[in-house]
Amino acid sequence: MNNNVSLSQFILEQQRSLKDASGTLSLLLKDIATACKKISHLVNRGELMNVLGSAESENIHGEVQKKLDIITNNIMIDTLNWGGSLAGMASEEDDEIIAIPTQYPKGKYLALFDPLDGSSNIDVNLAVGTIFSILHSHADDEPKTEDFLQKGCDQVCAGFVLYGPSTLMVLTTGNGVNGFTLDQDIGEFILTHPNMRIPENSSEFAINMSNQRFWEAPVQRYINECLQGSEGPRGKNFNMRWIASLVAEVYRILTRGGVFMYPLDLRKPLTEGRLRIMYEANPMAFIIEQAGGSCSTGRERMLDIKPTSIHQRVPVILGSKNEVERIVAYHQESTH
Ligand code: MN
Ligand code: MN
């Protein structure tokens, strides 16, 4: 049994321990929690609220939007834009950055989010989530797109909410990773998973095997060695998981280790990778590293990349430290 520390209390106590924290980050995180509670409610009610199915529109990535992609995006924007902590926002679902309406005060942070990750899972009643990333705004007035293009290592805070059998929030402000379970009865996230740590070794991998013929040699080699099991060079059997929902994959890795890959793909236009650096790869990389894991493109540490556009895609390899380092080493060996 936990001692019932709520997310609000946890954030406030963390803030009190920092010298120059102004309190607006705490307010922002409370608003994010509120938005995610609204989304949790909608996802849980599902077809009773008539929110499932396609919206028959496409987003900037050429993906068909679900009704819930649009509804959850509006919930995030409408819940975060008035609080006074933000200078601007960016969303996976919006082509351009999102300005704070002129009637509201502006703050010093930028919020970036994927309002509904894994939305292809929603109609089949599998886990989906919300991913968010907070940056400092260095702009004097209205932030421009360039102001959002910061390296992942400069994130102030990152987190995600997983809408599964329980609704869980995972959060880092650069001081470890903590998990909170939504207590539906009182409407509060409660600290249930303090100081989450990823085991350094693992024998579980998650990758979309149907794309195997499009992978590069280092990824082929790693997966081949896993598949050979106890008869192969790894000398042990591996297990495979594939949920097709980044939040669910990362949560599993945070709880029992493993490696997740959406590697570089030799098909055009996927040669840049599949996942988005600003809304997916960077926040997850920050969380994974803070929990003792690693995240790389195969060629460089995710958090060191200077993004060139807010919708930039990257290859992602993340999870247990020793497994990710092995895959990175295979990439280095194959280019020498
Ligand atoms: Mn997503
Ligand atoms: Mn999404």
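## The two-manganese site

Along the chain, the donors of the manganese ion (ligand 1) follow the spacing D-x2-D-x162-E, and in this predicted model the residues behind that pattern are Asp114 (OD), Asp117 (OD) and Glu280 (OE), which coordinate the ion at 2.0 to 2.3 Å. The manganese ion (ligand 2) has the donor spacing E-x21-D-x1-L, and its coordination comes from Glu92 (OE), Asp114 (OD) and Leu116 (O), at 2.2 to 2.4 Å.

Asp114 appears in both sets of donors, and it bridges the manganese ion (ligand 1) and the manganese ion (ligand 2), which lie 3.7 Å apart. As for accessibility, Asp114 and Asp117 are both buried, and Leu116, which offers its O atom to the manganese ion (ligand 2), is likewise buried.

## A loop residue after strand E5

Strand E5 spans residues 109–117 and strand E6 spans 128–136, and Asn121 is placed in the loop between them. Is this asparagine, Asn121, buried or exposed? Because its relative accessibility is 6%, which falls under the 20% limit, Asn121 counts as buried.

When its neighbours within four places in sequence are left aside, Asn121 is in contact with Leu126, Ala127 and Val128, and also with Ile243, Ala244 and Ser245.

## The buried side of helix H1

Helix H1 comprises residues 7–16, and its buried residues are Leu7, Phe10, Ile11, Gln14 and Gln15. These residues lie on the same side of H1, because they cover an arc of only 130° around the axis. The general geometry of such an element is relevant here: an α-helix has 3.6 residues a turn, so residues three or four places apart point the same way.

The buried residues of H1 pack against one helix and several strands, namely helix H2 (24–45), strand E8 (167–172), strand E9 (178–183) and strand E10 (188–193).

## Internal cavities

A search of the whole structure returns 4 cavities of 30 Å³ or more, and the largest cavity has a volume of about 50 Å³. The lining of the largest cavity is formed by Ile207, Asn208, Asn211, Trp215, Trp242, Met261, Tyr262, Pro263 and Asp265.

By residue class, this lining divides into 6 nonpolar, 2 polar and 1 charged; Asp265 is the charged residue, Asn208 and Asn211 are the polar ones, and Trp215 and Trp242 are among the nonpolar residues.

Key:
Residues numbered from 1 in each chain as written. Chains lettered and ligands numbered in written order. Predicted model: local features only at pLDDT ≥ 70, side-chain atom pairs only at ≥ 80, totals over all residues. Heavy atoms only, no water. 1 Å grid on protein atoms, 1.4 Å probe; cavity = no way out; pocket = protein on both sides within 12 Å on 5 of 7 lines; lining within 4 Å. Points joined across faces, edges and corners; volume = space filled by probe spheres on them. Donors = N, O, S within 2.8 Å, 3.2 Å for Na, K, Ca; no water. Buried < 20%, exposed > 50% of the residue type's maximum accessible area, 1.4 Å probe, protein only. Helix = DSSP H or I, 4+ residues; strand = E, 2+ residues; numbered from the N terminus. Arc of directions from axis to C-beta. Contact = heavy atoms within 4.5 Å.
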